[in-house]
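Visitor: I would like a close look at one helix and the parts around it. Please take it step by step, and then show me a few other local features in the chain.

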Amino acid sequence: MKKYLNHLWKGPFTKAILLSGVLAIIGWSCNDGTKQTKPPLKVGVYYFDGWAGKNRKADDPNEPWAKDVPTHVTRRMVEDFPEREPVWGWWDDSMSIMERQIDLAADNGIAFFVFCWYWRDTNGPLNAEAIENLYLHTSMNLYMKAKNRNRIKYSLLIANHGGAEIKGTDNWEKATEYLMQYFEDPQYLTVDGKPLVVIFHPADIDNETLDRMQEVSKKLGLPGLAIAGCGNHPDQNFTYKTHYNIGLGKFGGAEEHDYADLVDEHKKQWTGTEKQPYIPEVTVGWDKRPWENKDGSGRQDWYFPRSPELFKHFLLDAIAWMDEHPTQTTKERIVLVYAWNEIGEGGYLVPTKGDPEASELKAIRSVVSGK
């Protein structure tokens with residue numbers, strides 16, 4: 001408890017209260033006697049679509065647990081972490097569940113989903129048919145047809161890793177052309193009037209590629225793209241920088257750490273410039289033991305227990321940082337949250353059997369509503 005209280009007192013949110021009083025909380029300031037209203041906060045959540053498709057062990061008679069669960073569910077998730085199962089079950093591949101998630105997100109202050117999008121074929125040319133039929137795009141495709149989709153906007157994260165790598169400037173150009181069908185959608189989130197696209201694992205993308213992506217988008221009628229690279233790449237021409245998550249779990253480790261330590265490490269990364277502003281990312285948690293082998297191979301440290309109250313202050317600190325550094329972040333006051341449903345990695349907001357009230361999601365609602 002002492003560590004928790006000390007953590008709250010040293011955060012930028014506390015300093016913002018001391019420096020700005022009530023004005024920093026309710027979001028307005030006086031300038032020459034005129035009330036200036038800040039743009040409303042926009043909270044986006046990363047959406048991992050691994051809860052559809054046939055489990056690779058579904059037909060194995062020695063693995064009966066796998067018969068009725070989707071691709072990314074493991075034996076450990078079923079047997080050792082059953083509390084992580086969403087209240088609607090492991091599957092999210094139906095329209096009714098997608099529309100339920102849209103309402104759940106919108107009712108709790110979420111402004112947009114950031115769907116993970118995967119290239120096909122890895123290191124090869126564009127394969128539109130494979131992309132359109134990929135199980136990892138199931139929820140995104142359902143969202144596009146949902147009758148309540150106007151309640152929440154969306155954006156894309158290009159998951160440029162592990163079987164979905166895009167190689168070469170020409171392929172990035174093809175990817176940009178392909179994604180125009182989303183960028184031109186009125187429901188697609190824009191930043192400074194430009195569609196926001198986040199790129200995971202962008203280290204191999206050179207400035208020629210980024211410039212070509214901008215040229216293609218302008219040629220096809222857009223004012224350009226708001227391209228956010230995950231990680232710190234100051235020499236690359238990303239419009240913004242951000243993170244998907246900030247992994248602290250060292251490989252080969254097997255230790256439990258405080259969630260407060262994860263929060264502190266994230267805050268160190270909140271830094272931007274006027275040339276390359278930063279979109280702050282906050283993490284619900286990191287605990288990927290359900291995806292690890294019981295024998296210890298591939299094991300990482302984890303951060304536990306989850307703390308809705310500390311997560312709430314984590315989010316408030318991100319808002320305070322943006323308000324203290326308005327030229328180092330987006331004018332739209334965007335915060336990204338890891339994640340809506342990274343259930344295997346411990347980053348999830350969805351209501352589960354262990355937390356049917358979705359405590360962290362309710363924390364977002366209280367922050368966004370100001371209550």
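Guide: What follows begins with the whole chain, turns to helix α7 and its surroundings, and then visits some loops and side chains elsewhere.

This is a predicted model, and everything said here is computed from it. The protein chain has 12 helices and 15 strands. Of its 371 residues, 54% are buried. Take the contacts in the chain between residues at least 6 apart in sequence: 74% of them join residues at least 24 apart.

Now the helix itself. Helix α7 covers residues 138-145. Which residues of α7 are buried? They are T138, S139, M140, L142 and Y143. These buried residues pack against several elements: the strands β3 (42-47), β4 (110-117) and β5 (153-159), and the helices α5 and α8 (169-183).

One of these neighbours, α5, can be followed in detail. Helix α5 spans residues 95-107, and its axis comes within 9 Å of the axis of α7. The two axes cross at roughly 75°. Angles from 65 to 115 degrees count as roughly perpendicular, and α5 and α7 are therefore roughly perpendicular to each other. On the α5 side, the contact is made by M95, M98 and I102; on the α7 side, by S139, L142, Y143 and K145. Sorted by class, the residues in this contact are 5 nonpolar, 1 polar and 1 charged. The spacing of such residues can be read with a general rule in mind. An α-helix has 3.6 residues a turn, so residues three or four places apart point the same way.

S139, L142 and Y143 appear both among the buried residues of α7 and among those that touch α5. Y143 has a further role in this description, as a member of an aromatic cluster. The other members of that cluster are Y47, F113, F115, Y154, F183, Y188 and W340.

The subject of aromatic rings leads away from α7. The count for the model comes to 17 aromatic pairs. A pair of aromatic rings is described by the distance of the centres and the angle of the planes. Take W270 and F314 as an example: their ring centres are 5.8 Å apart and their planes lie at 20°, so the pair is stacked. Planes under 30 degrees apart count as stacked. W270 belongs to the loop between α10 (259-267) and β11 (281-283), while F314 belongs to helix α11 (residues 308-324). The pair links distant parts of the chain, with the two positions 44 residues apart. Both W270 and F314 are buried.

Rings can also have a charge over them. The charged end of R289 sits over the ring of W302, 4.2 Å from the centre of that ring. In a second case, the charged end of R306 sits over the ring of Y348, at 4.0 Å from its centre.

Next come some details of the backbone. The peptide bond from R120 to D121 is cis, with omega near 5°. D121 is in the loop between β4 and α6 (128-132); β4 was named above as one of the elements against which the buried residues of α7 pack. Y338 and A339 are also joined by a cis peptide bond, with omega about 0°. A339 is in the loop between β13 (334-338) and β14 (341-342).

Two residues other than glycine have a positive phi. For H201, phi is near 55°. H201 lies in the loop between β7 (194-200) and α9 (207-219). Is H201 buried or partly exposed? Its relative accessibility is 43%, so H201 counts as partly exposed. For A358, phi is likewise near 55°. A358 is in the loop between β15 (347-348) and α12 (359-369), and at 2% relative accessibility A358 counts as buried.

Finally, two approaches in space. A254 is in the loop between β9 (240-242) and β10 (256-257), and is partly exposed, with a relative accessible area of 42%. The C-alpha atoms of A254 and D301 are separated by 4.9 Å, although the residues are 47 apart along the chain. V263 is in helix α10 and counts as buried at 1% relative accessibility. From V263 to T283 the C-alpha distance is 7.6 Å, with the two residues 20 apart in sequence.

Definitions and conventions:
Residues are numbered from 1 along each chain as its sequence is written. This is a predicted model: local features need pLDDT of at least 70, side-chain atom pairs count only at pLDDT 80 or more; totals for chains, interfaces and linings use all residues. Side-chain values use heavy atoms; hydrogens and water are left out. Axes are lines fitted to C-alpha atoms, for helices over the stretch in contact, and angles run from 0 to 180 degrees between N-to-C directions. Helices (H or I, at least four residues) and strands (E, at least two) are DSSP runs, numbered from the N terminus. Angles under 35 degrees count as roughly parallel, over 145 as roughly antiparallel, 65 to 115 as roughly perpendicular and the rest as oblique. Contact means heavy atoms within 4.5 Å. Ala, Val, Leu, Ile, Met, Phe, Trp, Tyr, Cys and Pro count as nonpolar, Asp, Glu, Lys and Arg as charged, and the others, Gly among them, as polar. Rings of Phe, Tyr and Trp (its six-membered ring) pair if their centres lie within 6.5 Å; planes under 30 degrees apart count as stacked, over 60 as edge-to-face and the rest as tilted. Buried means under 20% relative accessible area, exposed over 50%, partly exposed in between (1.4 Å probe, protein chains only). A charge sits over a ring if NZ of Lys or CZ of Arg is within 6 Å of the ring centre and within 35 degrees of the ring normal.
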